[in-house]
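User: I would like to go through a structure and ask why each label is used. Please set each value against its rule.

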Amino acid sequence: MIEENTIFDNAGNGISVSGAHCTVTVRTNDIHNNTQNGLMFLDNSAGIVEDNECYGNGDSGALISREANPILKNNRLHNNKKAGVSAHNDALGSLEANHIFENEVGVASLTGSELEITRNKIHDN
């Protein structure tokens, strides 16, 4: 469990989750101003990401790749340099009731990704 932290100014990702047996809950964190992504899920990892504020990161607010399968719900992803959420290389997962705004792109789903996207507020990207 990663809960109620302020995660900022890191020289890479704020939080990285990787590997088939890696499942984590990320809840109620303030994740900002990291040089790469605020959150990154790779390589069949999974988890629940909820009620986080993710902003001002150098790449995306959240990156999902290589068959990772997280659930993102009730997060605010904004003012990231690239996408609020970026998914590629056969990424899976769901986005539910997130507020995604003022990024270069709201949600980028590329290269075989299969995201379930429901009840989000995505605007001004």
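User: What makes E12 count as mostly covered?

Analyst: Of the 6 residues in E12, 5 are buried. Buried means under 20% relative accessible area, exposed means over 50%, and partly exposed lies in between (1.4 Å probe, protein chains only). This is a predicted model: local features need pLDDT of at least 70 and side-chain atom pairs count only at pLDDT 80 or more, while totals for chains, interfaces and linings use all residues. Residues are numbered from 1 along each chain as its sequence is written, and side-chain values use heavy atoms, with hydrogens and water left out.

User: How many residues of the chain are buried, as a share of the 125?

Analyst: Buried residues make up 47% of the chain.

User: What kinds of DSSP element does the chain have, helices or strands?

Analyst: The chain has 17 strands and 0 helices. Both are DSSP runs numbered from the N terminus: a helix is H or I over at least four residues, and a strand is E over at least two.

User: Why is the chain called as compact as a globular protein of that length?

Analyst: The radius of gyration is 12 Å, and the globule rule gives 14 Å for 125 residues; these values are close, so the chain is as compact as a globular protein of that length. The radius is taken over C-alpha atoms, and the rule is 2.2 Å times the number of residues to the power 0.38. Along the principal axes, the C-alpha atoms fill a box of roughly 30 × 25 × 25 Å.

User: How do you know which strands are the edges of the sheet with the order E3-E6-E9-E12-E15?

Analyst: That sheet is open, with 5 strands and parallel pairing. Strand E3 (15-18) and strand E15 (105-109) are its edges, as each pairs on one side only. The twist from one strand to the next averages 5°. Axes here are lines fitted to C-alpha atoms, for helices over the stretch in contact, and angles run from 0 to 180 degrees between N-to-C directions.

User: What makes E9 and E12 a pair?

Analyst: Two strands pair if DSSP finds at least two bridges between them. E9 and E12 have 4 bridges and run in the parallel sense, so by the DSSP rule they pair. One of the partnerships puts Ile64 with Ala87 in E12. On to E15: 4 bridges join it to E12, again in parallel, and Ala87 stands opposite Ser109 there. At the E3 end, 4 bridges join E3 to strand E6 (residues 39-42), with Leu42 as the bridge partner of Ser18.

User: How many strands form the sheet that starts with E2, and in what order?

Analyst: There are 6 strands, in the order E2-E5-E8-E11-E14-E17, forming an open sheet with parallel pairing. Its edge strands are E2 (6-8) and E17 (121-123). Within it, strand E5 (residues 30-32) and strand E8 (residues 53-55) pair over 3 bridges, and Ile31 stands opposite Cys54 in E8.

User: How do you know whether Cys54 is in a disulfide?

Analyst: A disulfide is a pair of cysteine sulfur atoms within 2.5 Å. By this rule the count comes to 0. The cysteine sulfur nearest to that of Cys22 belongs to Cys54 and is 17 Å away. Cys54 is buried because its relative accessible area is 1%, whereas Cys22, at 28%, is partly exposed.

User: Which residues touch the most other members of the largest nonpolar core?

Analyst: They are Ile15, Leu39, Ile64, Leu72 and Val85, out of 21 residues. Strands E3, E4 (23-27), E6, E9 (62-65) and E12 (83-88) each supply at least two residues of this core. Such a core is a set of buried Ala, Val, Leu, Ile, Met, Phe, Trp, Tyr and Cys residues joined through side-chain atoms within 4.5 Å. Setting aside neighbours within four places in sequence, Val85 is in contact with residues including Ile64, Leu72 and Val107. Contact means heavy atoms within 4.5 Å.

User: Why is Leu92 called partly exposed?

Analyst: Its relative accessible area is 31%, so Leu92 is partly exposed. Leu92 is found in the loop between E12 and strand E13 (94-96). Beyond its neighbours within four places in sequence, Leu92 is in contact with Ile64, Pro70 and Leu115, among others.
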